Structures are given as C-alpha cells and as structure tokens.
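Student: I'd like to learn how to read a helical model. Can you walk me through one?

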Amino acid sequence: MGAGGKTFNPHVLSATYHHKHVRPMACEEDSDLRIGIGELLSRWGGLQMAVKNKWGGHDSLEKSQELAHDLFHLLSQTNVITVDEIESFLHESLLLSFNTEMEDGSIEEVAEQLMILHEEICLRGSHH
C-alpha cells in the first residue's frame, strides 16, 4: 500500500497521460486491437440479439459500443490478464448493461477469442 492507504491502479491513469507518455506493458497496436474487438463482438450472436431486441433499453447499441471500448481498455492497459478475468468482466457487463445472463457457453468462447486476440496483437509487440 502506498501513502494514505491507497494502492496504485494502472487502469485509472488518464487518457491524456497515455497519449503523452510511453505506456509500460501496454498494447502498441491500438487500432488492430480495437478492430479485432469490434469484429468479435459483431459476430457474437447473443450480444447482437440483446442489442437488436433492446434488452439494455433504447440505448442498447451505445451500451454495446461502450462494452467494446471497455474491453479495449481492459486488454490494452495490461499484459497480465486471464481468460477468467475477461469472462467475469463480460458476465458482469451483460448483467448490468443488458439485464441478461448467457448460459450458452458464448461468454467463455468470446473471452477465449479475446485472449487470443490480445496475445496475438499486444504480446507480440512487447518482444521487440
């Protein structure tokens, strides 16, 4: 613990900091990661059904875009992430944003694909 009982959380750093400074352990291929996340989510039938049927309310599309944005930040800010953490994040996001739980195995499948995407795009760039 740091001074005042606060711990350092790298996820709280401002976007301004990230654009002006070298990001330690961050994904350097930001646009590839954003595109990959968007493509994965657009192929995820359960999420698309939630958006189409407005399970998250009238702003369901915006909520799905926010999910993509949040996943990008989750995956690009750290190299230390597990499939379980991605699964938990997806479960929580779908419950909070779309008031739904998917028990068809698709969350685990999408989490696995996101992990592979993260490894291919982000981790390959950190070994130069």
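Tutor: Let's take the overall make-up, then the helices one by one, then a few single residues.

Tutor: Two ground rules before we start. This is a predicted model, where local features need pLDDT of at least 70 and side-chain atom pairs count only at pLDDT 80 or more, while totals for chains, interfaces and linings use all residues. Residues are numbered from 1 along each chain as its sequence is written, and side-chain values use heavy atoms, with hydrogens and water left out.

Student: How many helices and strands does the chain have?

Tutor: Helices (H or I, at least four residues) and strands (E, at least two) are DSSP runs, numbered from the N terminus. Here you get six helices and zero strands, so to speak an α-α-α-α-α-α string from the N terminus on.

Student: What share of the residues is buried?

Tutor: Buried means under 20% relative accessible area, exposed over 50%, and partly exposed in between (1.4 Å probe, protein chains only). Of the 128 residues in the chain, 37% are buried. As for contacts (heavy atoms within 4.5 Å), take those with a separation of 6 or more: 67% of them join residues 24 or more positions apart.

Student: How do I describe two packed helices?

Tutor: Two numbers do it: the angle between the axes and the distance between them. Axes are lines fitted to C-alpha atoms, for helices over the stretch in contact, and angles run from 0 to 180 degrees between N-to-C directions. Try α3 (residues 45–52) and α4 (residues 60–76): their axes come within 8 Å and cross at roughly 145°.

Student: Which hand does the crossing of α3 and α4 have?

Tutor: A crossing is left-handed if the near helix is turned anticlockwise from the far one by less than a right angle, and right-handed if clockwise. The crossing of α3 and α4 is right-handed. On the α3 side, Leu47, Ala50 and Val51 make the contact, and α4 supplies Ser60, Leu61, Ser64 and Leu67.

Student: What kinds of residue are those?

Tutor: Ala, Val, Leu, Ile, Met, Phe, Trp, Tyr, Cys and Pro count as nonpolar, Asp, Glu, Lys and Arg as charged, and the others, Gly among them, as polar. That contact has five nonpolar, two polar and no charged residues. One of its members, Leu61 in α4, is partly exposed at 46% relative accessibility. Leu61 and Leu47 are 14 residues apart along the chain, with 9.9 Å between their C-alpha atoms.

Student: Where do the buried residues of a helix sit around its axis?

Tutor: An α-helix has 3.6 residues a turn, so residues three or four places apart point the same way. To put a number on it, we use the arc of the directions from the helix axis to the C-beta atoms. In α3, the buried residues are Gly46, Leu47, Ala50 and Val51. They span an arc of only 135°, which puts them on the same side of α3. Their packing partners are α2 (30–43), α4 and α5.

Student: And which residues of α4 are buried?

Tutor: For α4 the set is Ser60, Ser64, Leu67, Ala68, Leu71, Phe72, Leu75 and Ser76. Their arc is only 150°, so they lie on the same side of α4.

Student: How far does α4 reach from its first C-alpha to its last?

Tutor: The expected span of a helix is 1.5 Å times one less than its number of residues. With 17 residues, α4 reaches 24 Å, close to the 24 Å expected. For α5 (residues 83–98), 16 residues reach 22 Å, close to the 22 Å expected.

Student: Which residues of α5 are buried, then?

Tutor: Val83, Ile86, Glu87, Leu90, Ser93, Leu94 and Phe98. They cover an arc of only 130°, which places them on the same side of α5. The face turned away from that buried side carries the exposed residues Asp84, Glu92 and Leu96. Leu96 has a relative accessible area of 66%, and its C-alpha is 8.5 Å from that of Gly56, 40 residues away in sequence.

Student: Which backbone angles should I look at around the helix ends?

Tutor: Look at phi. Just after α3, Lys54 takes a positive phi of about 55°, in the loop between α3 and α4. Asn99, which follows α5, has a positive phi near 50°, although Asn99 is not a glycine. Asn99 lies in the loop between α5 and α6 (106–125) and counts as exposed at 66% relative accessibility.
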